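Please examine the sequence and the model shown here before reading on. The explanation afterwards is written for a reader who has not met this structure before.

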There are 2 protein chains.
Amino acid sequence: MNCPQILENIQNHISLSTSEKKLFVSYLKVNDVSKKERILQQGDICKAIFFVESGSLRAYNFNDEGKDSTIMFAVQDWWITDMNAFVNQKESLLSIELIEDSRIVELRFSALEEIYQKIPKFERFFRILFQNAYVREQLRVLDNISYSTEDRYYRFVEKYPQVVQKVTQKQIASYLGVTPEFLSKVKNK
Amino acid sequence: MNCPQILENIQNHISLSTSEKKLFVSYLKVNDVSKKERILQQGDICKAIFFVESGSLRAYNFNDEGKDSTIMFAVQDWWITDMNAFVNQKESLLSIELIEDSRIVELRFSALEEIYQKIPKFERFFRILFQNAYVREQLRVLDNISYSTEDRYYRFVEKYPQVVQKVTQKQIASYLGVTPEFLSKVKNK
DNA sequence: GACTAGTCTTAAACTATGTTATTTTTTTAC
DNA sequence: GTAAAAAAATAACATAGTTTAAGACTAGTC
């Protein structure tokens with residue numbers, strides 16, 4: 001296992017020696033997963049965090065009334081999991097499904113705990129990763145509470161053009177929190 | 001300067017030696033700030049992150065149409081800043097105002113950079129802080145896109161009873177992203 | 001190449017939320 | 001303690017978003 005892509009992602013923020021790289025990579029598992037498969041099922045314990053080498057995924061919640069709400073999309077070089085369920089090792093609120101055939105790197109909870117101990121620099125890497133994730137979500141909350149649906153749609157398209165190419169309009173609607181019918185109306189008015 | 005409260009908050013997650021505590025505390029500045037004052041003004045560079053020793057604050061954005069959107073409240077033992085503006089040292093999208101007279105500990109950007117270098121354990125502390133913040137915001141996004149206003153109001157009240165005691169209904173409405181008139185209707189129906 | 005299932009569009013009727021304005025209640029400032 | 005200011009409640013009307021249902025348009029499967 002070589003994993004140059006995830007190592008490059010990490011080395012954007014911290015630098016690793018050859019032996020550290022080797023150790024880190026030994027904890028990883030690479031999987032080829034097909035379109036429509038799920039790598040996490042709502043209700044299950046979330047045992048891993050995932051890095052997308054290629055392809056695309058969608059994390060969503062399915063509620064009692066049958067409403068599907070997209071929490072995030074992930075494309076190449078993104079990390080994704082149900083972070084709440086992962087860090088507390090409890091039942092997941094989210095499912096994660098494949099939008100297309102993808103190559104996914106898996107890092108398990110217990111492995112990450114060991115990595116933090118053996119290579120403390122990873123605390124820094126994940127500090128930066130979570131810092132960015134927090135900022136992103138906070139900006140999304142601001143979008144949600146202060147912009148109209150129309151504005152939010154166009155802001156989404158501008159911010160994530162790589163995502164827009166891969167997902168359906170129905171999935172974008174579920175990310176924005178509106179019905180596909182209403183999004184269609186907004187776009188075509 | 002003694003600062004037992006912020007040290008206790010930190011030592012919930014990492015342990016510090018006496019000399020590390022002393023060094024860390026030397027970077028802090030404690031301010032007593034009065035109700036209605038602002039410790040951060042939208043448009044200004046965000047130079048510090050704040051820890052609330054006592055009192056309460058509100059971070060909000062004021063947009064072109066005059067709409068006030070509350071991004072977060074902070075009460076005793078919470079950290080608050082415009083994280084996007086802070087970590088990138090750029091213009092703030094948010095203002096932070098005092099809800100009541102408060103004692104605020106200030107940690108400046110350049111100080112935090114030095115702390116990360118001198119006491120790498122702080123990478124771990126902030127990794128955990130941001131991890132929790134990310135999880136919180138992600139759950140809030142899910143609330144925003146999948147629940148009704150009524151449900152979100154009661155979920156907010158249940159989750160943050162300490163906040164509810166201190167803020168106006170108008171401020172809660174601006175946190176939920178609805179008008180005060182509508183929140184009043186929802187509550188009293 | 002035709003069948004199928006899923007997506008997208010459109011529209012009418014309905015519900016949720018916003019706007020404006022007025023009154024009542026609570027808080028703040030002297 | 002009183003006057004002024006802000007917050008909260010209420011209501012009539014306007015706009016945003018949902019529901020349901022139907023038809024047009026893909027994309028995937030044999």
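The paragraphs below treat the contact between two chains, then a DNA strand, and lastly some single residues.

The model is predicted: local features need pLDDT of at least 70 and side-chain atom pairs count only at pLDDT 80 or more, whereas totals for chains, interfaces and linings use all residues. Residues are numbered from 1 along each chain as its sequence is written, chains are lettered from A and ligands numbered from 1 in the order in which they are written, and side-chain values use heavy atoms, with hydrogens and water left out.

Chain A and chain B each bring 35 residues to their contact, where contact means heavy atoms within 4.5 Å. The area buried between the two chains is about 3300 Å², with 68% of it given by carbon and sulfur atoms; buried area is the accessible area (1.4 Å probe) that two parts lose on being put together, summed over both. On the side of chain B, the residues that lose the most area to chain A are B:Arg127, B:Tyr134 and B:Ile145, which together make up 22% of what that side buries.

Polar interactions also join the chains. Eight residue pairs, both at pLDDT 80 or more, are in polar contact between chain B and chain A. A polar contact is a pair of N or O atoms within 3.5 Å; within protein, one must be able to donate a hydrogen and the other to accept it, and residues adjacent in sequence count only if both atoms are side-chain atoms. In chain B, the elements that give two or more residues to the side touching chain A are β5 (68–75), α3 (83–88), α5 (121–146) and α8 (169–176). Helices (H or I, at least four residues) and strands (E, at least two) are DSSP runs, numbered from the N terminus. The largest share of this side, 18 residues, comes from α5(B). By class, the side of chain B that touches chain A holds 18 nonpolar, eleven polar and six charged residues. Here Ala, Val, Leu, Ile, Met, Phe, Trp, Tyr, Cys and Pro count as nonpolar, Asp, Glu, Lys and Arg as charged, and the others, Gly among them, as polar.

There are four salt bridges between chain B and chain A, each a side-chain nitrogen of Lys or Arg within 4 Å of a carboxyl oxygen of Asp or Glu. One of them links the side chains of A:Arg124 and B:Glu123 at 2.6 Å, N to O. B:Glu123 belongs to helix α5 of chain B. Is B:Glu123 buried or exposed? B:Glu123 counts as buried because its relative accessibility is 5%; buried means under 20% relative accessible area, exposed over 50%, and partly exposed in between (1.4 Å probe, protein chains only).

Attention now turns to the DNA. DNA strand C is surrounded by 14 residues, the closest being A:Gln169, A:Lys170, B:Lys35, B:Thr149 and B:Phe182; a residue is near a strand if one of its heavy atoms lies within 4 Å of it. A polar backbone atom of A:Lys170 is 2.9 Å from a phosphate oxygen of DNA strand C, and a polar side-chain atom of B:Thr149 lies 3.0 Å from a phosphate oxygen of the strand. In the side chain of B:Lys185, an N or O atom is 3.5 Å from a base oxygen.

Finally, A:Lys36 has a positive phi, near 75°, in a residue other than glycine. A:Lys36 lies in the loop between β1 (29–33) and β2 (38–40) of chain A.
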